[in-house]
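Grab a pencil and work through the exercises below. Each one sets a task and then walks through a solution.

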Amino acid sequence: MSILRVLEFTKDLISKHLNQGDIAIDATCGNGNDTVFLAKLVGENGKVFGFDIQEEAIKNTLAVLSKEGLNNRVECLKVSHSIMDQYVKENVKVVMFNLGYLPGSDKQITTKGLSTIKAIEAALSILATKGLITMVVYQGHDDGEEAQIVEDYLRNLPQKEFSVLRYQFVNQVHYPPYLIAIEKKDNS
Ligand SMILES: C[S@@+](CC[C@H](N)C(=O)[O-])C[C@H]1O[C@@H](n2cnc3c(N)ncnc32)[C@H](O)[C@@H]1O
């Protein structure tokens, strides 16, 4: 077996946490690829909430969902993920982030450190026990500023309540993306 690439490892981790009937969030819909992935995993009795601030991303996501016949289990919201807890009240099993900008679109419209931290806090407040947050992080889009802010925040999450993992190749050129995963521990 080969070492899994970052996105493969992310999806493998998610598929081990998410069951049919669960609730999941795609915090950065973009072109809808991850929304489709989550929608398939939660099945017809589950639900996915998708967030993006760009009209184009919401349109693209709705189009791929429709092609796959998955619209009825997904609610797409043109709202910042930093206030996701105002729209989702249920216990969420997985929150998936893919940071950065929409490929092929305006690079200025990108995730930003401080609002990403607000989004992590919102996600933690609705995350189920044993729930998982994944963030694929790109350092290239802003010279690593967002990645640094996010890591400084995560380093201080209490170890008794959360496991925080980084999965990263260390010998690749050009700022390859890496994964940060946060799991809410079961302390019962
Ligand atoms: C790298 S793309 C996501 C790719 C996507 N997951 C896919 O499968 O195609 C990042 C997305 O985050 C969105 N975004 C930026 N800031 C955001 C925010 N505050 N709330 C929600 N989405 C945001 C961008 O508009 C962009 O579409």
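**Exercise 1. Trace how the chain gets from S1 to S2, and describe how the two strands pair.**

Solution. Start with the path: S1, helix H2 (residues 33-42) and S2 form a β-α-β unit, and that unit is right-handed. Right-handed here means that, with the strands pointing away from the viewer, the path from the first strand over the helix to the second runs clockwise. Helices (H or I, at least four residues) and strands (E, at least two) are DSSP runs, numbered from the N terminus.

Before going on, note that this is a predicted model, where local features need pLDDT of at least 70, side-chain atom pairs count only at pLDDT 80 or more, and totals for chains, interfaces and linings use all residues. Residues are numbered from 1 along each chain as its sequence is written, and side-chain values use heavy atoms, with hydrogens and water left out.

Next, the pairing: S1 and strand S2 (residues 47-51) run parallel, joined by 4 bridges. Strands count as paired if DSSP finds at least two bridges between them. For one contact to look at, take Ile23, whose bridge partner in S2 is Lys47.

Finally, check the faces of S1: Ile23 and Ile25 on one side, and Ala24 and Asp26 on the other, are all buried (under 20% relative accessible area; exposed is over 50%, partly exposed in between; 1.4 Å probe, protein chains only).

**Exercise 2. Work outward from S4: which strands does it pair with, and in what sense?**

Solution. On one side, S4 pairs with S1 (residues 23-26) in the parallel sense, over 3 bridges. There, Ile25 stands opposite Val95.

S4 also pairs with strand S5 (residues 127-137), again in the parallel sense, over 6 bridges. Met96 stands opposite Thr134 in S5. To get from S4 to S5, the chain goes through helix H4 (residues 113-126), a right-handed β-α-β crossover.

Now add burial: 6 of the 7 residues of S4 (residues 92-98) are buried, so this strand is largely enclosed by the rest of the structure.

**Exercise 3. Is the pairing of S5 with S7 parallel or antiparallel?**

Solution. S5 and strand S7 (residues 178-184) run antiparallel, with 6 bridges joining them. Leu132 stands opposite Glu183 in S7. As for burial, 9 of the 11 residues of S5 are buried, so S5 is largely enclosed by the rest of the structure.

**Exercise 4. How many disulfides does the structure hold?**

Solution. The count is 0, where a disulfide is a pair of cysteine sulfur atoms within 2.5 Å. Cys29 is in no disulfide: its nearest cysteine sulfur belongs to Cys76, 4.7 Å away. Cys76 is in no disulfide either, with the sulfur of Cys29 its nearest, 4.7 Å away. Both are buried: the relative accessible area is 3% for Cys29 and 19% for Cys76.
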